[in-house]
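Thanks for coming, everyone. I'll walk you through one structure today, starting with its pockets. Please have a look at the screen.

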Amino acid sequence: MFKAADLPETLAVFPLPGALMLPRARLPLHIFEPRYLAMLDDALKTPERLIGMIQPNEVPGREGSGLHTIGCAGRITQFTETDDNRYLITLSGISRFRVLQEVEGFAPYRRCQVQWDGFERDLGGTETDPGFQRPAFMDLLQRYFEQRDLSTDWETLKDADDELLINSLSMLLEFGAEDKQALLEAPSLTTRRETLVTLMEFSLRSGDGEDLIQ
C-alpha cells in the first residue's frame, strides 16, 4: 500500500489517447516504441516502479501535443519481455495526479512535475457507491452491449463489487477521449457511475432512437 509520502514529485508519463487508468484497477499495455521501452527500463530501476498514464490534449493552432491536467499513476506489477525486445506489462492503478509542468531533460520520453494533493481517497481502500441500483444498471448495460454487439461473462459482472464493476467498464468501454477524461476526473465512485450511465444512455439514444433510461 502506497502512502502519499512515497509518491514522487517527478513522474514519467505515457500520453495515450483513449486509455484510462483508475486507482486499484489494472491496465495491460503493449510497449514497443523505443522511447517507451526506455521509459519502462528506467521505471523498473526505481523502488516505486510508477508510470503516469495521461491523455494528450490537442489544441488547434498549438504546436506539439499538450497534456490533460489530470492523469493516473500505475505501478508495474507484471511484465514479460518478448523475443523481439517488446514488453507486455500490467499497470496497477495507484493514484491520480495533477500536472504542474513538464520537465525538460535528455530522456526520450516525457516527464512531469506532479502534485498528488486532492486525491488522497485514491490511496485508501475500495470505494463504495451507496446509491447504486444494480438491477437497473445491469439492464442498461445489457441493452448497451446488445446495441454494440458485445459479449461478456454476465455472471462475473453480477458478482463484481461496485468499484470493480464501474471502474472496469469505464476503462474497457469505447468512449471518446474527452468522455474517458471525464470518467477519470470524477470526484467519487458515485459521480463516475452517473457519468458512465449518461454515456451509455446517450449511446442508446443516438444509436437506435430509444428514450433515455431513467
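**Pockets, cores and one leucine**

Let's start with open space. The largest pocket holds about 290 Å³ of space. Keep in mind that this is a predicted model. How do we find such space? Rolling a probe the size of a water molecule over the atoms shows where empty space is left.

Now, which residues lie nearest the centre of the largest pocket? They are Phe145, Thr152, Leu157, Leu169 and Leu172, out of 17 that line it. Three helices each supply at least two lining residues: α2 (134-148), α3 (154-159) and α4 (162-172). Which of the elements gives the most? That is α4, with five residues. By class, the lining of this pocket has 10 nonpolar residues, four polar and three charged.

On to the second largest pocket. About 210 Å³ of space lies there. Its lining includes Pro8, Thr10, Leu11 and Ala12. Met39, Asp42, Ala43 and Thr46 are also among the lining residues, and so are Glu48, Leu50, Tyr109 and Arg111. Two elements give two or more residues to this lining: strand β1 (10-15) and helix α1 (34-44). The class split here is seven nonpolar, two polar and three charged.

Next, the nonpolar cores. The largest nonpolar core has 48 residues. Which members touch the most others? Ile51, Met53, Phe137, Leu196 and Met200 do. Apart from that core lies another, of 15 residues. Leu7, Ile54, Val99 and Leu123 are among the members of this other core.

Let's look at Met53 up close. Leave out residues up to four places away in sequence. Met53 then touches Phe14, Leu16, Ala19, Met21, Leu27 and Leu29, among others. Its list of contacts also includes Gly71, Cys72, Leu91 and Phe97.

Last stop, Leu199. It sits in helix α6, residues 189-208. Is Leu199 buried or exposed? Leu199 counts as buried, because its relative accessibility is 15% and the cut-off for buried is under 20%. What does Leu199 contact beyond its neighbours within four places in sequence? Phe175, Asp179 and Leu183. Then there is Gly176. Leu199 and Gly176 are 23 residues apart in sequence. In space, their C-alpha atoms are 9.9 Å apart.

To recap: a largest pocket lined by 17 residues, a largest nonpolar core of 48, and a buried leucine, Leu199, in α6. Thank you.

Definitions and conventions: Residues numbered from 1 in each chain as written. Predicted model: local features only at pLDDT ≥ 70, side-chain atom pairs only at ≥ 80, totals over all residues. Heavy atoms only, no water. Core = buried A, V, L, I, M, F, W, Y, C linked by side-chain atoms within 4.5 Å. Buried < 20%, exposed > 50% of the residue type's maximum accessible area, 1.4 Å probe, protein only. Contact = heavy atoms within 4.5 Å. Helix = DSSP H or I, 4+ residues; strand = E, 2+ residues; numbered from the N terminus. 1 Å grid on protein atoms, 1.4 Å probe; cavity = no way out; pocket = protein on both sides within 12 Å on 5 of 7 lines; lining within 4 Å. Points joined across faces, edges and corners; volume = space filled by probe spheres on them. Nonpolar A, V, L, I, M, F, W, Y, C, P; charged D, E, K, R; others polar.
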